[in-house]
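Reader: I should be grateful for a close look at one part of this model, namely the place where the two chains meet. Please describe the helices that pack there and the residues that make the contact.

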Amino acid sequence: MTPDSKHPLALDEHDPGCGPGEENLDRYVEIEMAGGDPAEAFPSIAVHFRHCAACRADHDALVEAVEELGDAAPSTRSAGGIED
Amino acid sequence: MRWMEGLRDEGARRERTVGELREVLLKVARRQVHNRRAQLGYATGPEVDDIAQQAADDALIAICGALDSFRGESRFTTWAYKFVVFQVSAKVSHHAWQTEPPSREEFEWGGLSDRAGGSPAEQTERRELLSVMTKAVKDDLTERQRAVFVAVALNEVPIDVVAIQLGSNRNAIYKNLFDARRALRNSLAAAGLSIDPDEVEI
């Protein structure tokens with residue numbers, strides 16, 4: 001993701017602020033991880049991530065967590081140690 | 001959806017699932033705290049790990065309290081990792097603010113430096129830009145917008161640290177910054193100056 005936020009006056013009128021990205025970050029990242037383009041489903045959030053370094057860092061962190069741990073599952077042991 | 005079943009169960013199964021989820025959250029937290037190590041200054045190893053532990057604990061509490069809001073639109077784990085990512089982000093910022101709070105000067109407008117160089121015409125244009133910017137920052141921004149613009153856009157204080165310092169939150173500070181940028185761009189445009197970031201060097 002290319003940041004556009006470095007210039008002091010950088011601004012995009014389609015930027016919705018931090019709220020929608022926080023709310024939908026998990027869905028956004030899953031589309032991305034599945035090889036899709038999350039900007040199609042969430043165009044304004046994609047704009048925001050280009051402008052907000054803090055939200056972009058959270059996005060990158062979630063991508064890394066999913067890449068590293070994937071869909072971790074709980075064990076299937078019962079209390080007595082036998083698969084349930 | 002074994003996580004959900006386990007977390008909604010009672011007794012030993014719930015306890016085991018909660019413990020396993022915390023282990024997963026802690027792995028994410030440790031990695032993310034490590035990645036943000038530069039923001040933690042001289043924090044010792046145990047302090048750093050404590051931040052990860054607290055983030056995992058608080059994320060776990062938040063997740064257990066929000067199970068009814070999970071609609072299955074993403075995998076449970078992706079949804080859960082999001083909580084711990086936000087917790088790490090908040091706790092690292094809080095630690096940075098506590099140990100090295102931004103100075104008052106970082107929020108105060110001190111003008112823009114006038115760089116030498118360029119053709120005479122470029123120098124004239126730049127002086128005009130600085131003059132309009134200075135007037136706009138003083139006259140067209142609210143006190144809060146000015147403080148946020150100076151801290152975040154000019155002095156590169158992290159937005160979450162600014163939010164803590166001003167008793168606010170990231171979203172509200174971002175809105176302050178957005179409104180400040182829009183007002184300044186309007187002022188430059190009204191003076192007939194370019195607002196294209198590729199052309200305006202500040």
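Author: The following account deals with the interface and then with the helix pairs. The model is predicted, so local features need pLDDT of at least 70 and side-chain atom pairs count only at pLDDT 80 or more, whereas totals for chains, interfaces and linings use all residues. Residues are numbered from 1 along each chain as its sequence is written, chains are lettered from A in the order in which they are written, and side-chain values use heavy atoms, with hydrogens and water left out.

Across the interface, 44 residues of chain A are in contact with 45 residues of chain B (contact means heavy atoms within 4.5 Å). The two chains bury about 3,900 Å² between them, 55% of it on carbon and sulfur atoms; buried area is the accessible area, with a 1.4 Å probe, that two parts lose on being put together, summed over both. On the side of chain A, the residues that lose the most area to chain B are Pro8(A), Leu9(A) and Pro74(A), together 17% of what that side buries.

Two helix pairs between the chains can be described in detail. Helices here are DSSP runs of H or I with at least four residues, numbered from the N terminus. Axes are lines fitted to C-alpha atoms over the stretch in contact, and angles run from 0 to 180 degrees between N-to-C directions.

In one pair, helix α4 of chain A (residues 53-69) and helix α2 of chain B (residues 12-35) have axes that come within 10 Å and cross at roughly 130 degrees. The two are therefore oblique to each other, a term for angles that are not under 35 degrees (roughly parallel), over 145 (roughly antiparallel) or 65 to 115 (roughly perpendicular). Among the residues that meet are Ala61(A), Glu64(A) and Leu69(A) from α4(A), with Val24(B), Lys27(B) and Arg31(B) from α2(B). By class, this contact has five nonpolar, two polar and four charged residues; Ala, Val, Leu, Ile, Met, Phe, Trp, Tyr, Cys and Pro count as nonpolar, Asp, Glu, Lys and Arg as charged, and the others, Gly among them, as polar.

In another pair, helix α1 of chain A (residues 19-33) packs with helix α4 of chain B (residues 76-99) at an angle of about 130 degrees, their axes 9 Å apart. That makes α1(A) oblique to α4(B). Glu22(A), Glu23(A), Leu25(A), Asp26(A) and Glu30(A) of α1(A) make the contact with Thr78(B), Trp79(B), Lys82(B) and Phe86(B) of α4(B). By class, three nonpolar, one polar and five charged residues take part.
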